[in-house]
Amino acid sequence: MSVNSIKDIARLSGYSISTVSRVLNNTGRISLKTREKILKIAKENNYSQNIIAKGMRKGSLATIGILVPDITNPYYASIVKKCEQNFFKEDYLTIVCNTERNAKLEEKYISRLGNHMVDGLVIVSTQREIDQKQSAIPTVFIDRSPKLTQNTIIASSDNYSGAVLATNHLIDKDCYPILITNKNNDFSSNKSRIKGFLDTTKSRGITDPIIINTETNSDEIYLKKDQLKEKIDNLLKKHKKIGIFAINDNVASYMHQLAIDNNISVPSKLSIVGFDDSPIAKKLQLTTIRQDTSKIARVSCTNLLKLLRHEEILDRKFTIGVSLIKRTTT
């Protein structure tokens, strides 16, 4: 049997509607015996509260906006999915907005969502600088580092340490390491990865490290295949073995395909390390840096809810550890 309202639970339990409401909404002081009986009847009859109706009674739809640059990107999609799951457990609906890596579109979404439509925001931003007027609504920024305010939280992977792990691994494999990046090098996550690469090569005695910037988005790197092949060929003439640290798994997978197409042996002549541990990395057995998307989502959601509930927050910036996953490309 399924019941549709608090009135039904009250009728079945013999308690008043107000008592049932206090139990289901976890408000007011109710005896343990009463609470257990009402919850037991609700569970047995498959009762679930209508979140929208509940929110409208409170004057808020209990909704979180999630802005993501590219919902087709596996890393972003994983974070969005896990954020949705975490918020739903806390009776919050989510509105997912794909900003298409467009800063103006992102600003429009934030403006409209912030107009009493959502309680809070989770933003994976494409902007290099975040407008501080956006901080009026409680917000978690993932993988971006705007100036912190009382209404903002920052959560990101330890991109610097990930780059250190990747670069050291390639050098330990007797590779001459190079870094291949895309055009998004002004983003804080990419900046940290580049710094980690440069600091590590310097500490390992490589005085003239090579960074190849494709000047494209990760999914457009194929446009540079001729230039990349020429640079790889020239490096292989100078070094017995080279190692590519790719700024993400999309770049890593393309370099893997380029090597196959040109009969460059992986990993004996060319080793590759990506970043993310996306499905493509697992499919191609790419060595990569794994980001803990579950923990990123959990930390982001937990602390945004604390902001919404006006609970004390001791830290507003969270750095989530990463790990090196060794596979067949190194």
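## Exposed residues with positive phi

E215 counts as exposed, at 52% relative accessibility. This comes from a predicted model. E215 is not a glycine, yet its phi is positive, about 60 degrees. The residue sits in the loop between β7 (210–213) and α9 (225–238).

E100 also has a positive phi, near 55 degrees, and is likewise a residue other than glycine. Its relative accessible area is 57%, so E100 is exposed, the cut-off being over 50%. Look for E100 in the loop between β2 and α6 (103–113).

## A cis peptide bond

The bond from V266 to P267 is cis. Its omega is near 10 degrees. P267 belongs to the loop that runs between α10 (249–261) and β9 (270–276).

## The parallel sheet

One open sheet has six strands, paired in parallel. Their order is β2-β1-β3-β4-β5-β11. The edges are β2 (93–98) and β11 (317–320). Each has a single partner strand, so one side of each has no neighbour in the sheet. From one strand to the next, the twist averages 15 degrees.

Inside this sheet, β1 (residues 63–68) runs parallel to β3 (residues 120–123). Four bridges join the two strands. G65 has L121 of β3 as its bridge partner. Helix α12 (residues 293–308) lies across β1, β3, β4 (139–142), β5 (152–157) and β11. α12 runs at about 160 degrees to β4, and an angle over 145 counts as roughly antiparallel.

## The mixed sheet

A second listing of strands gives an open sheet of six with mixed pairing. The order here is β7-β6-β8-β9-β10-β12. β7 and β12 (322–325) are the edge strands. Each of them pairs with a single strand, so one side of each is left without a neighbour in the sheet. The twist averages 20 degrees between one strand and the next.

β6 (residues 176–181) pairs with β8 (residues 242–246) in the parallel sense. Five bridges hold this pairing. P177 stands opposite G243 of β8. Helix α7 packs on the sheet and touches β6, β8, β9, β10 (287–291) and β12. The direction of α7 makes about 165 degrees with that of β9. Helix α9 lies across β6, β7 and β8. α9 runs at about 140 degrees to β8.

## Helix α7 against helix α8

Helix α7 (residues 159–172) also meets a helix, α8 (residues 188–203). Their axes come within 7 Å and cross at roughly 40 degrees. The two helices are therefore oblique to each other. The crossing is right-handed.

On the α7 side, the contact uses N159, Y160, A163, V164, T167 and N168. On the α8 side are S189, S192, R193, K195, G196, F197, D199, T200 and T201. By class, the contact has four nonpolar, eight polar and three charged residues.

## Helix α1 against helix α3

Helix α1 (residues 6–13) packs with helix α3 (residues 32–44) at an angle of about 115 degrees. The axes are 10 Å apart. α1 passes α3 in a right-handed crossing.

From α1, the contact residues are I9, L12 and S13. They meet K37, I38, I41 and A42 of α3. The class count is five nonpolar, one polar and one charged.

Definitions and conventions
Residues numbered from 1 in each chain as written. Predicted model: local features only at pLDDT ≥ 70, side-chain atom pairs only at ≥ 80, totals over all residues. Heavy atoms only, no water. Axes fitted to C-alpha atoms, helices over the stretch in contact; angles between N-to-C directions. Parallel < 35°, antiparallel > 145°, perpendicular 65-115°, else oblique. Left-handed = near helix turned anticlockwise from the far one by under 90°. Contact = heavy atoms within 4.5 Å. Nonpolar A, V, L, I, M, F, W, Y, C, P; charged D, E, K, R; others polar. Pairing = 2+ DSSP bridges. Buried < 20%, exposed > 50% of the residue type's maximum accessible area, 1.4 Å probe, protein only.
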